[in-house]
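Hi,

Here is the structure we talked about handing over. Please have a look; my notes follow below.

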Amino acid sequence: MGKAINNIAAQDAIILLLVWDPKWRAFLPSGASRKEIEMCFPNWAITHVEPAADKPEAIYKILKANEQWYRLCRK
């Protein structure tokens, strides 16, 4: 994925990713760890990570999604 984005992104591009913690959730997205994000985007640096919500909705607590926003900048 990161290589394809490299081909179309400007040199000063920024990527914002909404990511769930890695966990099996049947038909829902399985999420990704910081290490997996770094492996998928080798030419990008994670510059900021923050929770997606101060008070997550009940469904996200049940799913244990722990949504995080990742900000990536080109190296």
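**Gln 68 and its surroundings**

Setting aside neighbours within four places in sequence, Gln 68 is in contact with Leu 17, Leu 18, Val 19, Val 49, Glu 50, Pro 51 and Ala 52. Bear in mind that this is a predicted model. Gln 68 sits in strand β3. Its relative accessible area is 14%. That is under the 20% cut-off, so Gln 68 counts as buried. The Gln 68 side chain also makes a polar contact, at 3.2 Å, with the side chain of Asn 66.

**Trp 69 and the nonpolar patch**

Trp 69 is in strand β3 too, which covers residues 68–74. Is Trp 69 buried or exposed? Neither label fits: with a relative accessible area of 35%, Trp 69 is partly exposed. Trp 69 joins Ile 14, Leu 16 and Leu 18 in a nonpolar surface patch of about 390 Å². Strand β1 (residues 14–19) gives the largest share of that patch, 3 residues. Leu 18, one of the patch residues, is also among the contacts of Gln 68.

**The chain as a whole**

The chain has 3 helices and 3 strands. Along the sequence they follow the pattern α-β-α-β-α-β. There are 75 residues, and 25% of them count as buried. Among contacts with a separation of 6 or more, 67% are between residues 24 or more positions apart. The accessible surface comes to about 5600 Å². Carbon and sulfur atoms account for 59% of that surface.

Best regards

Conventions:
Residues numbered from 1 in each chain as written. Predicted model: local features only at pLDDT ≥ 70, side-chain atom pairs only at ≥ 80, totals over all residues. Heavy atoms only, no water. Helix = DSSP H or I, 4+ residues; strand = E, 2+ residues; numbered from the N terminus. Buried < 20%, exposed > 50% of the residue type's maximum accessible area, 1.4 Å probe, protein only. Contact = heavy atoms within 4.5 Å. Areas by Shrake-Rupley, 256 points an atom, 1.4 Å probe, with all protein chains shown as cover. Patch = residues over 30% accessible without salt bridge, like charges linked within 9 Å, V, L, I, M, F, W, Y side chains within 5 Å. Salt bridge = Lys/Arg side-chain N within 4 Å of Asp/Glu carboxyl O. Polar contact = N/O pair within 3.5 Å; in protein donor to acceptor, adjacent residues only side chain to side chain.
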